[in-house]
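This report goes through one protein model, beginning with a single residue and its surroundings and ending with the chain as a whole.

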Amino acid sequence: MTSLHLYDTASRQKRVFEPQNPKRVTMYVCGPTVYGPAHIGNMRPPVVFDVLFRVLRGLYGEDHVLYARNFTDVDDKINAAAIKEGVDISVITDRFTKVYMDDTGALNVLVPTHQPTATGHMDDMIAMIETLIAKKVAYAAEGHVLFSVSAYEAYGAFSNRSLDDMIAGARVEVAPYKKDPADFVLWKPSKPGEPEWKAPFGAGRPGWHIECSAMIKTTLGETIDIHGGGIDLVFPHHENEIAQSVCAHDGKPLANYWMHNGFLSLNAEKMSKSLGNVIRPNELLAKGFSGEVLRYALMTAHYRAPLDWTDDLVDRARKSLDRLYGVLRRLTPIDVAPGMGAPEAVWTALKDDLNTPKALAALFEIAGRANKAETEDEQSQAKGELLASAKLLGLLEQDPEAWFGLSDLDPGEKARIDSLISERAQARANKDWAKADELRDTLGALNVLVEDSPEGANWRLKG
């Protein structure tokens, strides 16, 4: 079986994944700043890296993969929201941490091994800043502590930008206390009414970048296997993380592989809270969209490619899942042989830099085999392969009857409808279109919606 290959942003090429220790594979992904509800674009990183988490666990064992995803719970927007409501920042962050966990849970995202918070690692940040000052790569000025980019010769190599481009791209604050306009904040004074923490270099709060470096070191170690996040974090966030971590740890790399997912757009325009064109997962869920449909839709494009979110995308995702659940429903009486795993085609797709579109296509190949299987052994194998493959993608973990809304339907009525569906399928196979139409009308009168697919007809009750 082929090795896992991942595209590494730092080297700009696919590389064979070789963990430092196969018994302790480490991954860190930058999580949300919890000042408000996430939008559907914010769900792409948790879904992408959840798939990678599942793949790594499948390759190295569930107990040998450590995944940390943080919560930034101190920030200007959090402070502003807390002041507006007249509450402690924890009221805001607890509220929206729960919303985020509910949303990701609905999308069947596994809970990471570690979920560190910035406020829970303040001492670690202060200690790292002290180390950087002692190494003379950071300096205190007017209540601030800043990282000196000139002290790190490789600054800019990760994002492949010149210093002038970086300054312009970061919209850096040109402040009189900075030795260089590109120097970035590690610590800053708190404004009146904002929370502050005591530190040897003055009371205040941390800058954004130091948070992740400190949490990575504490939860996973100085050098980790994989660091992930959205493509928008390459600069300045990840460039700055690298600079401060490498300097704090005597030249040791922060991560051996860097992975970044592409943007999600809405009807061909970048989805952004600042632009106001956002769709929130909790709103979609409240309208009756299944979280599994949203997850499937997010996996229809390769994670590094942009993805345009449209009503058509969601509709196609639902119909695709209907087809797969329809196959499982028809295979309900068939037991799965023990020890069944995902076939090589699925593993090959996922090992090729998480090629989820190709893996999804492989699911339908298995579903097609299941429909054509003539023996119970063949059906058992196909069902086992379908379920094992889907689990790697976080799909098909619901009961098929529940998926189609049939759990509470009278068994006799369900059997009658299934019989009519079978009769209609036979009429279509015989090209007796008049009989097929007559049966469809009969089903319609029973409030049954029938959807035909290459894997067979699926049905659910209307409305």
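Gln-13 is found in strand S2, which covers residues 13-16. Helices (H or I, at least four residues) and strands (E, at least two) are DSSP runs, numbered from the N terminus. The model is predicted: local features need pLDDT of at least 70, side-chain atom pairs count only at pLDDT 80 or more, and totals for chains, interfaces and linings use all residues. Residues are numbered from 1 along each chain as its sequence is written, and side-chain values use heavy atoms, with hydrogens and water left out.

**The first hairpin**

Gln-13 counts as partly exposed because its relative accessible area is 43%; buried means under 20%, exposed over 50%, and partly exposed in between (1.4 Å probe, protein chains only). Leaving aside neighbours within four places in sequence, Gln-13 is in contact (heavy atoms within 4.5 Å) with Leu-6, Tyr-7 and Asp-8. Asp-8 is also the bridge partner of Gln-13. Val-346 is 333 residues from Gln-13 in sequence, and their C-alpha atoms are 22 Å apart.

Strands S1 and S2 run antiparallel and are joined by four bridges; two strands pair if DSSP finds at least two bridges between them. Side chains alternate along S1 (residues 5-8): Leu-6 and Asp-8 point to one face and are buried, while His-5 and Tyr-7 point to the other face and are not. Four residues lie between the strands of this hairpin, and Arg-12 takes a positive phi near 60°.

**Backbone at selected loop residues**

Two residues other than glycine with positive phi values lie in loops.

| Residue | Phi | Loop | Relative accessibility |
|---|---|---|---|
| Glu-142 | near 50° | between S5 (138-141) and S6 (144-147) | 61%, exposed |
| Asn-160 | about 60° | between S6 and H5 (163-170) | 60%, exposed |

**Helices H1 and H7**

Helix H1 (residues 44-60) has 17 residues and should span 24 Å at 1.5 Å a residue; its end C-alpha atoms are 24 Å apart, so the two values agree. The expected span is 1.5 Å times one less than the number of residues. H1 is mostly covered, with 13 of its 17 residues buried. Gly-61 follows H1 and has a positive phi, near 105°.

In helix H7 (residues 234-248) lies Pro-236. The peptide bond from Phe-235 to Pro-236 is cis, with omega near 5°.

**A three-stranded sheet**

Strands of a sheet pair through backbone hydrogen bonds, either parallel or antiparallel. One open sheet of three strands has the order S12-S11-S13 and mixed pairing. Its edge strands, S12 (269-270) and S13 (307-309), each pair on one side only. S11 (residues 264-266) pairs with S13 in the parallel sense over three bridges, and Leu-266 stands opposite Trp-309 in S13.

**The whole chain**

The protein has 16 helices and 15 strands. Its C-alpha atoms fill a box of roughly 85 × 50 × 35 Å, taken along the principal axes. Of its 463 residues, 51% count as buried. Among contacts between residues at least 6 apart in sequence, 76% join residues at least 24 apart.

The accessible surface is about 20,600 Å², and 50% of this belongs to carbon and sulfur atoms; the areas come from the Shrake-Rupley method with a 1.4 Å probe.
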